[in-house]
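Welcome! Work through the exercises below with the viewer open, and try each task yourself before reading its solution.

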Amino acid sequence: MSVAFDVTKPLAGASFGATVRLAESLSEGIPKGLPGVLADANGLMLIPGLQEIADKPELLVALSRAFGSEVEDYRYTLTQRSSVHTTVPEIFLVSNMAPVNRKPPRRPDPPTTPDGRLPVQYPHRKGWHTDQSYRRPPPDISLFYAVTPVARDRGQTLFADGTAAYAALPAHLKAKVHGLQGLHCQPGTARSREGALAGRTDIEQAPTARSQPQPVVRIHPVTGRPALYVCEWGQMDWVDGPFVGMEPGPRGEGAALLDELMAHYTRPEFVYAHEWTVGDLVVWDNRCLVHAATWYDGDTEQRMMWRTTVRGNPGAIYEGEARSWMPREQVPA
Ligand SMILES: [Fe+2]
């Protein structure tokens, strides 16, 4: 049975996104038609009131399957075991609690904008990325569920609309990004911008962890609309990139373009800031938006969020490719 739902657009305070309210429990059936709602909302959807998932985590996986053919099983994808749910291995834990112990993002400096607002625009706000863009093919959709969010007005998740940002790109930037590829890198390595600025030399990468080129403008395989597809400090390769075929390095021509693009992409009119409530599920399309987590006080606040990642429709340019991040023999049947 398909559960009925009701859609409100856009998300409060934003120019994109949708809120979906389900008429019944997920245990009654998985709603049909949600991917269409997500596509029409430029790739961002909030489904509030899903407290039942906390007791039945398999419902999150069942709902994830509505968005694509494959839900990542983190046992097989070189993920640290302490970050994987103990009974449902398709759930990745994002938490500052033991045993995950993931630290909150850095606080922006200064902590607010001159008019007292939450900073969202790069470079004041850093951490903007699209999930796992250092893999080819990259994933399509992420689902992020609040088991224990931090208090409202702290620990938000920010989303920027890559479709609207591309449409509003000035002509000289559209010309520059046409046919251009970004070089995406696993976060936390010597190839990050910090690492490159510090002159780190430990830049060797394992065969399954190599930086991957991705188009800066991706054509969405469902809507056919172009969207910006680029990250910033932590998830681009600042040794050989950030762009293929442009002057590399943290101070080169590529760096100047990246800074200009990200400042445009994250202009406040393209951004939605989500304040979390227990039981919220946010679904986003990594093919057409970027997101960032904000700072919270990890010494006084405890946070537990569950994420699933769905893949299966990255677009024609990836057709037939082997997975860059897995040796062939480890790909589960
Ligand atoms: Fe993320």
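Keep in mind throughout that this is a predicted model.

**Exercise 1. Find Gly 188 and decide whether this residue is buried or exposed.**

Step 1: Look in the loop between β8 (181-184) and α6 (193-197), where Gly 188 is found.
Step 2: Look at the surroundings: Gly 188 has 11 C-beta neighbours inside 10 Å.
Step 3: Apply the cut-off, by which 12 or fewer neighbours make a residue exposed. Gly 188 therefore counts as exposed.
Step 4: For a sense of distance, go to Lys 174, 14 residues away along the chain; its C-alpha atom and that of Gly 188 are separated by 30 Å.

**Exercise 2. Do the same for Gly 234: is this residue buried or exposed?**

Step 1: Go to the loop between β11 (226-228) and α7 (253-265), the place of Gly 234.
Step 2: Within 10 Å, Gly 234 has 21 other C-beta atoms.
Step 3: The cut-off for a buried residue is 20 or more, so Gly 234 is buried.
Step 4: Leaving aside neighbours within four places in sequence, the contacts of Gly 234 are His 129, Pro 187 and Ser 192.
Step 5: Trp 306 lies 72 residues from Gly 234 in sequence, and their C-alpha atoms are 22 Å apart in space.

**Exercise 3. Work out the order of the strands in the open sheet that contains β7.**

Step 1: Begin with β7 (residues 157-161) and β14, which run antiparallel and are joined by five bridges.
Step 2: Check two partners: Thr 157 is bridged to Ala 293 in β14, while Asp 161 has Leu 289 as its bridge partner there.
Step 3: Add the third strand to get the order β12-β7-β14, with antiparallel pairing. The edge strands, β12 (271-274) and β14, each pair on one side only.
Step 4: Now judge the twist: on average, neighbouring strands of this sheet are turned by 20 degrees against each other, direction ignored.
Step 5: Finish with the covering of β14 (residues 289-293), where four of the five residues are buried.

**Exercise 4. Which residues touch the most other members of the largest nonpolar core?**

Step 1: This core has 72 residues, and those touching the most other members are Leu 44, Met 45, Tyr 145, Ala 160, Leu 228 and Val 283.
Step 2: Helix α7 provides the largest share of the core, six residues.
Step 3: Zoom in on Leu 44. Not counting residues up to four places away in sequence, Leu 44 touches several residues, among them Phe 159, Tyr 272 and Leu 289.

Conventions
Residues are numbered from 1 along each chain as its sequence is written. This is a predicted model: local features need pLDDT of at least 70, side-chain atom pairs count only at pLDDT 80 or more; totals for chains, interfaces and linings use all residues. Helices (H or I, at least four residues) and strands (E, at least two) are DSSP runs, numbered from the N terminus. Two strands pair if DSSP finds at least two bridges between them. Two residues are in contact if their C-beta atoms, placed from the backbone, lie within 7 Å. Axes are lines fitted to C-alpha atoms, for helices over the stretch in contact, and angles run from 0 to 180 degrees between N-to-C directions. A nonpolar core is a set of buried Ala, Val, Leu, Ile, Met, Phe, Trp, Tyr and Cys residues joined through C-beta atoms within 7 Å.
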